[in-house]
Structure formats: C-alpha cells, structure tokens
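Here are some worked exercises to try with the model open beside you. Have a go at each task before reading its solution.

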Amino acid sequence: MPFSNSSELSPSFLLAGLPGLEGAHSWLAAALCSAYVLAVLANGAVLLAVRAEPGLHAPMYLFLCMLAAIDLALASATVPRTLCLYWLGSRRIGFGACLTQMFLIHALSAAESTVLLAMAADRYVAICHPLRHAAVLSSRATAKVGLLALARGVLFFLPLPLLLLPLPFCGPRRLSHSFCLHQDVMNLACANTTPSVVYGLTAILLVMGLDAVLICLSYLLILRAVLRLAAWRERLKVFSTCVAHICVVLAFYVPLIGLSVVHRFGKDLAPLVHIIMGNVYILVPAVLNPIIYGVRTKQIQRTILSLIRVTD
C-alpha cells in the first residue's frame, strides 16, 4: 500500500542486510568496523601531518587534507548506521534520516570529485606552467576551491531529497543497500519520478561526468608536455609526480561507475552484489587515499613518524 509522507507519523525504510547470510552479519560488521577505524586513523594522520609540518602547506597537500576530511565525513555518515544494522539488527531508518543520509552521500561525493579535479589542475599547472604555479594556486585560491567544492555539492544535490519529499512510497519499502542512495529510494516511489530521474542524471553528468572529462583532458595535456622532454628518465621523473593522484582518481571513479552500472543494468543480479558494491563505493576511497599518498610522499611519512615519536 502506498503511503503519503504527510499522512504517516513516522514513515521509514528497511535497510538491506545479507539475505540468506544473516549468520555472517557479525563477521561483515567486524570487517566494516576495521576498515572504518583504519580510514579514521589514516585520514586523521594525514590531517595532523599537514597541519604540523609547514613544508606541507602547499596546494597539493592542502587538497589532500580536503579529501581526507570529505572521506571522514562520508564514512561517518554511513558506516555507524550500517554497523547498527549488522550488529544490532536495526534495519529500520526514518524517512527524514534516510533523506539526510542520501543528501550527505551525494553532496560529499560531488565535493570529492571537485577536489580531484582541482588536484588535476594543480598537476597540470605545476608541470606545464611551473613559473605560474605559485601565482595561480595561492593559499587563498586553494581555500576558495575548498569552499567551491562544498557549495557545488550542496547546490547540485540538495534538490534530490526535496524532489522525493512529497512523493508517496510503496510498502514494504525495502532498500537494496545498507544505506540510502537516491536511485534506491526513488525506485520505491508510487508516483511519477520523471523529474527526480531527469534531475538526478543531469546533476551526476554536470558534476562527476564533467569532472571526469576535465581530469582526462588535463592528463592528456600533461602527457603531451612530458613527451616533449628529451630524456626518458626526465619524462618518468616528471610523470611520477602524478602517479598518486591517478591512483586516487581511479579509487574514486571505478567504484562510482561500478555502482552506477549495477543500478542501471544489474536488476537481475544477486542482492549481495548491490550491497558489496555500495560498501566498496563508500569505504575504498576513504581507506586507500591516505595510504596511497602516505606511500608515495616521504615527507608525509617522516612527519607522521615524528608525531608518533613525540606522543611516545
């Protein structure tokens, strides 16, 4: 039976566990909790290292701090509620809480995409126009990019929950993930969802889609500049400064594309595939980003080790 959101005092949705594998919930919860703790510690270490070391107050590392803060917020908006599902069996989530979580996931993902684009621009200017790097990417410009990333995420994705708010929904209102996503919630509506579908697709294309195209374009220009160098050793040395960023871009966009493909074309797939892809999308960037930059950047390694020695 459909219900009107205004006519029911506490409309809610049911989050997805592991169908048929309820006995494995505690093991999955332990794995998610471990990944979440690792993400918090690793991203927190990056934030502390950049704050403590003045030599790391450069645009690339400030953008890395933005990524770390976004990843922490994104993981914290989803994982604690998911742990309640797997450890306590609490599947029900209120309508308002679901829309809030949905908005945070999409807005923070858009902000992360914007920061990744800014990091690609930083690499382009540093390699192709090194003499202009300090002037183009000043501390003030870097701070403006951070504010723009947040504003872009909020402005583009705030309409998503507003478009869903007046819709009636069909029972039993079971979601296919352990958290709320726009496509997942929208598919349960018992009314015309064309405006929500069109706007959601448009927002994704204008933010993540456009960012991906511009990131690819920046690396084509970087590759052209690198190939103009005479020595292969010099080419490898210059391009190696982009390796960490390329890995971080792949860690963000590959799970995003995989989750989108599963939603669009994977209706016949097992529910477990949807759940796993959703958790990969949320946690993989948060765990991998600080590890990638920690491994690739000796200055971050030294600062973190010095902070550990001080605390000891």
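**Exercise 1: a pair of helices**

In this predicted model, R152, L155, F156 and F157 of α5 meet Y199, A203, I204, L206, V207, M208, L210 and D211 of α8.

Task: work out how the residues of this contact divide by character, and how α5 and α8 are oriented to each other.

Solution.
- Step 1. Sort the residues of the contact between α5 and α8: 10 are nonpolar, none is polar and 2 are charged.
- Step 2. Recall what to look for: two packed helices are described by the angle between their axes and the distance between the axes.
- Step 3. Locate the helices: α5 covers residues 139–157 and α8 covers residues 194–227. Their axes come within 10 Å and cross at roughly 160°.
- Step 4. Apply the cut-off: angles over 145 degrees count as roughly antiparallel. Therefore α5 and α8 are roughly antiparallel to each other.

**Exercise 2: a residue inside α8**

Task: decide whether I215 is buried or exposed, and find which residues I215 contacts beyond its neighbours within four places in sequence.

Solution.
- Step 1. Place the residue: I215 is in helix α8.
- Step 2. Check the accessibility: buried means under 20% relative accessible area. I215 has a relative accessible area of 4%, so I215 is buried.
- Step 3. List the partners: with neighbours within four places in sequence set aside, I215 touches L116, L117, A120, V249 and Y253.
- Step 4. Take one of these partners, A120: 95 residues separate I215 and A120 in sequence, while their C-alpha atoms are 5.9 Å apart.

**Exercise 3: aromatic rings**

Task: find which geometry the aromatic pair of F13 and F169 has, and which residues form one aromatic cluster with F13 and F169.

Solution.
- Step 1. Count: the structure holds 4 aromatic pairs.
- Step 2. Look at F13 and F169: their ring centres are 5.3 Å apart, with 90° between the planes, and the pair is edge-to-face.
- Step 3. Trace the chain: F13 lies in strand β2 (residues 12–14) and F169 in strand β4, and the pair links distant parts of the chain, 156 residues apart.
- Step 4. Check the accessibility: F13 is buried, with a relative accessible area of 0%. F169 is buried as well, also at 0%.
- Step 5. Extend the group: F13, F95 and F169 form one aromatic cluster.
- Step 6. Add another position: the C-alpha atoms of F169 and A191 are 7.7 Å apart, with the two positions 22 residues apart along the chain.

**Exercise 4: spans from a record**

Task: for residues 61–83 and residues 145–169, find how much of the span is helix and how much is strand.

Solution.
- Step 1. Start from the record: an unreviewed UniProt entry lists several spans as "transmembrane region", including residues 61–83 and 145–169.
- Step 2. Residues 61–83 are 100% helix and 0% strand, and the end C-alpha atoms lie 32 Å apart.
- Step 3. Residues 145–169 are 76% helix and 4% strand, with the end C-alpha atoms 38 Å apart.

Note on methods
Residues numbered from 1 in each chain as written. Predicted model: local features only at pLDDT ≥ 70, side-chain atom pairs only at ≥ 80, totals over all residues. Heavy atoms only, no water. Axes fitted to C-alpha atoms, helices over the stretch in contact; angles between N-to-C directions. Helix = DSSP H or I, 4+ residues; strand = E, 2+ residues; numbered from the N terminus. Parallel < 35°, antiparallel > 145°, perpendicular 65-115°, else oblique. Contact = heavy atoms within 4.5 Å. Nonpolar A, V, L, I, M, F, W, Y, C, P; charged D, E, K, R; others polar. Buried < 20%, exposed > 50% of the residue type's maximum accessible area, 1.4 Å probe, protein only. UniProt positions renumbered as here; feature names shortened; annotations may be inferred. Phe/Tyr/Trp six-rings, centres within 6.5 Å; stacked < 30°, edge-to-face > 60°.
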